[in-house]
Amino acid sequence: MTSSTAETPRETTGGSPRFPLVLGLDTFGDHEHDAEDRPLSHAQTIRNVVEEGVLAEQVGVDFFGIGEHHTDDFPMPAADVVLAAIAARTKRIHVGSAVTVLSSDDPVRVFQRFSTLNAISKGRAEVVLGRGSSIDSFPLFGYDLANYEELFEEKVNLFAELLKGGPVTWQGNLRPSLNNQDVVPYTEAGPFRTWIGVGGSPQSVVRAAHYGFSLMLAIIGGSPARFRPFSRLFLQALEKFGREPLPIGIHSPGHVAETDEKALEEFWPRWLHIITKMSKVRGFAIPTLESFRFEVGPQGALFIGSPETVAQKIAANLQTLGANRFDLKFGMPGLSPDSLIRNIELYGTKVIPRVRELLAESTQPDA
Amino acid sequence: MSGSVIPSSVRRIAVLGAGHVGPVIARIALDAGFEVAIATSGSPDNLELITQVVMPGVDARWAADAVRTADLVVLSIPLHRFPALDPALLAGKLVVDAMNYWAPADGVVAIFQDQRLSSSEVVQGRLTQSTVIKSLNQIAYQYLDDGRRPAGSLDRHAIGVAGDDSDAANVVGDVIDRIGYDPVLLGSLKAGRILQPGGPVFGAVFTRSEFERAMHTAAVQS
């Protein structure tokens, strides 16, 4: 797989007919614990994430993404710095955000950081822009949640201008204007791939198409199949705006271990802990073992189990949604480095080949 | 809440808001046989493709247009936009408030800060010419679609319906039933507090008996 992997449409087996199948891993820098369940330092967790990115390339993963977070459970505010460290030690794997909370960042700085990452990685950088479903960055950087929608709309607009290259002239309401401003570093070979992470708002899907950004469906609860109309909406919106088709990706949480039982056993207490914490912040009821089992099952959004179980679920959902990319968000605060390493190894060596095989089988003409 | 016309039954529904929640409510209402229109604060042109693909059969309209002909209006706009909504738009209408207020996740909206009032009481306080019922707010939009079950199913899920006007609450309860959920009627908008974020049934997918048990447990504990 070359550095132009996701850039060049071509005929392929599996996934969407137009784009190659890309199978990646995402992390939020989930705070790791040692084998005795003692929390590691933030610093050690970050160093471990670098090693995880390097390992991901070694076992054949196509993409490694890091999602910006700002809490003790996810001490990962400067994902691009960590991605640069991974890029310096790898040759093939694509590196990117998952997501960058653009609303509370400066689009010029985001462009500069990812254009720098693109330089270091020789064209392997990607960025996934999001509004931020966790809002921790808003008070941290002094943004008002009352402008939640406007901040994103305006900053995506500026980001699209920056990606075109050349001096930028731009005016908005929430950020100072730019007047014929040169923004460096220039990209070497056109814009790096930019996605918009969409959680469930059809207007966000249309926005991605409008700017010519790829669509990353963040499916973290409920049935993945309910996103099917969004894939259609994206393709039709691209057509309406006179654009060529673009890749569609899925981002979902999960965990791979040798057996279904082991994967569930490792994941459930960590998931329960973090979701219980989130439920206090967000005001929703604490999940039950029953709701967890639903999410793990074929109609749910968690990809947990043996390599075979997870591969079957990934292949089925790629087909259902007409997507060509799947990024498994691995890890959960409290899991040990050993269990994450095992997850990455199994994903690269067992899940990925099996997904490719399943999709190739299903697209073969009748013998 | 004077002057609202409470229809004896609902035929036309207008959904205001096309974010995460509005389109799902529009689609399942259409499925249940209602005539459904959807609107945002802007032009219907921006919604045309979305309705065509994501909720075919739903009419994209200007808000005033959609509301005028509706027997029932579902309010599913971002709550921080509510203070800017003109109450005259909804005058005389039966309104289902599907919005939620939870400052830790959504930021502070001053008019909803009065802890003595449920958020729907605040909404009713501003929509003086409308009859407000709180409902469709407590099941996460991710499950609203797949969570539907035919009447009589053992695993049918419950949706709370809270209002001061019992005729209006009954009408909304019928709509909830037709959509595919068991309506659990609460006596007043104030009682609707139990449906809010931080309450015992918010974000949970419960059957009627689980729902009532959770409410009861919460009542005993408070």
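Two strands count as paired when DSSP finds at least two bridges between them. In this predicted model, strand S1 of chain A (residues 22–27) clears that bar with strand S12 of chain A (residues 325–329): five bridges join the two, and they run parallel. Within this pairing, A:Leu23 sits opposite A:Phe326 of S12(A). S1(A) also pairs with strand S2 of chain A (residues 63–66), again in the parallel sense, this time over four bridges. Here A:Gly24 has A:Phe63 of S2(A) as its bridge partner. The link from S1(A) to S2(A) involves helix H1 of chain A (residues 42–58), and the three elements make up a right-handed β-α-β unit.

How well is S1(A) tucked away, then? Six of its six residues are buried, so the strand is largely enclosed by the rest of the structure. Neither face is left open: A:Val22, A:Gly24 and A:Asp26 are buried on one side, and A:Leu23, A:Leu25 and A:Thr27 are buried on the other.

Moving along chain A, helix H6 (residues 202–211) has its own set of buried residues, namely A:Pro202, A:Ser204, A:Val205, A:Val206, A:Ala208 and A:Ala209. The cover over them draws on both chains. From chain A it includes strand S8 (193–198), strand S9 (214–218) and helix H7 (228–240), and from chain B it includes helix H1 (22–31) and helix H2. Just after H6(A) comes A:Gly212, with a positive phi near 75 degrees.

As for the nonpolar interior, the largest core holds 176 residues, and the members that touch the most others are A:Leu217 and B:Ile38. Leaving aside residues up to four places away in sequence, A:Leu217 touches A:Val198, A:Phe227, A:Phe230, A:Ile248, A:Gly249, A:Ile250, A:His251 and A:Leu321. In soluble globular proteins, nonpolar side chains tend to be buried together.

Turning to the contact between the chains, 29 residues of chain B meet 27 residues of chain A. On the chain B side, the elements giving two or more residues are helix H2 (48–54), helix H4 (103–106) and helix H6 (141–144). H2(B) gives the most, with four residues. That helix also turns up in the cover over the buried residues of H6(A). Sorted by class, the side of chain B that touches chain A comes out as 19 nonpolar, seven polar and three charged residues.

Technical notes:
Residues numbered from 1 in each chain as written. Chains lettered and ligands numbered in written order. Predicted model: local features only at pLDDT ≥ 70, side-chain atom pairs only at ≥ 80, totals over all residues. Contact = placed C-beta atoms within 7 Å. Nonpolar A, V, L, I, M, F, W, Y, C, P; charged D, E, K, R; others polar. Core = buried A, V, L, I, M, F, W, Y, C linked by C-beta atoms within 7 Å. Buried ≥ 20, exposed ≤ 12 C-beta atoms within 10 Å, placed from the backbone. Right-handed = clockwise from strand over helix to strand, strands pointing away.
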